[in-house]
Amino acid sequence: QVQLVESGGGLVQAGASLRLSCAASGRAFSRSAMGWFRQAPGKERDFVSRINSRGANTYYADSVKGRFIMSRDNAKNTVYLQMNSLKPDDTAIYYCAADTSVFRADIVKVTSLRAYEHWGQGTQVTVSS
């Protein structure tokens with residue numbers, strides 16, 4: 001089991017930066033690939049980024065590539081999402097998720113919500129123009 005708690009959201013102006021954190025508890029964290037998703041009002045939850053269990057590889061949605069950086073610190077049981085050059089279109093609730101499948105631990109191109117068994121409660125990010 002993995003329990004996830006996101007933090008770091010807030011209200012910022014376009015062009016600003018934010019860093020989201022996701023603190024995990026449970027022994028499975030270091031063996032799990034992790035993902036970030038986001039959901040804007042009235043829209044579906046969309047994939048943002050993923051990092052493999054060792055933190056060596058990442059994969060990003062085209063909409064955030066070059067602006068967002070995902071990382072993890074397995075010693076601290078935490079994953080991060082550094083968000084730079086924020087745009088109003090980035091406004092959403094951001095969710096951290098864990099994929100505990102040992103078969104997918106090192107695979108990063110996994111964007112389906114169904115691959116992730118555990119989810120945090122989300123943190124709101126609002127970007128004003």
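Six salt bridges were counted in the predicted model. Such contacts arise because side chains of opposite charge can pair when their charged atoms come close. Aspartate 90 takes part in a bridge with arginine 38, with 2.9 Å between the closest N and O atoms. The two residues are 52 positions apart in sequence: aspartate 90 lies in the loop between strand E8 (78–83) and strand E9 (92–99), and arginine 38 in strand E4, so the bridge ties these parts together.

Aspartate 90 also bridges to arginine 67, at an N to O distance of 2.8 Å. This second pair again links distant parts of the chain. Arginine 67 belongs to the loop between strand E6 (58–60) and strand E7 (68–73), 23 residues from aspartate 90. Arg38, Arg67 and Asp90 are thus linked in a network of salt bridges.

The members of this network are buried. Aspartate 90 has a relative accessibility of 1%, so the residue falls under the 20% cut-off for burial. Arginine 38 is buried as well, with a relative accessible area of 13%. Arginine 67 is likewise buried.

A further bridge joins arginine 104 and aspartate 99, at 2.8 Å from N to O. Here the accessibilities of the partners were also computed. Arginine 104 is partly exposed, its relative accessible area being 27%. Aspartate 99 is buried, at 0% relative accessibility.

Arginine side chains also meet aromatic rings. Arginine 45 lies over the face of tyrosine 95, 3.6 Å from the ring centre. Arginine 72 places its charged end over the ring of phenylalanine 29, at 4.6 Å from the centre.

Contacts between rings form a further group. A pair of aromatic rings is described by the distance of the centres and the angle of the planes. Five aromatic pairs were found in the structure. One of them joins phenylalanine 37 and phenylalanine 47. Their centres are 5.7 Å apart, and the planes meet at 80 degrees. This pair is edge-to-face because the angle is over 60 degrees. Phenylalanine 37 lies in strand E4 (residues 33–39) and phenylalanine 47 in strand E5 (residues 45–51), so the contact ties together parts that are ten residues apart in sequence. Both phenylalanine 37 and phenylalanine 47 are buried. These two rings belong to one aromatic cluster, together with Tyr59, Tyr116 and Trp119.

Strand E4 thus contributes to both kinds of contact: arginine 38 to a salt bridge with aspartate 90, and phenylalanine 37 to an aromatic pair with phenylalanine 47.

How values were computed:
Residues are numbered from 1 along each chain as its sequence is written. This is a predicted model: local features need pLDDT of at least 70, side-chain atom pairs count only at pLDDT 80 or more; totals for chains, interfaces and linings use all residues. Side-chain values use heavy atoms; hydrogens and water are left out. Rings of Phe, Tyr and Trp (its six-membered ring) pair if their centres lie within 6.5 Å; planes under 30 degrees apart count as stacked, over 60 as edge-to-face and the rest as tilted. Helices (H or I, at least four residues) and strands (E, at least two) are DSSP runs, numbered from the N terminus. Buried means under 20% relative accessible area, exposed over 50%, partly exposed in between (1.4 Å probe, protein chains only). A charge sits over a ring if NZ of Lys or CZ of Arg is within 6 Å of the ring centre and within 35 degrees of the ring normal. A salt bridge is a side-chain nitrogen of Lys or Arg within 4 Å of a carboxyl oxygen of Asp or Glu.
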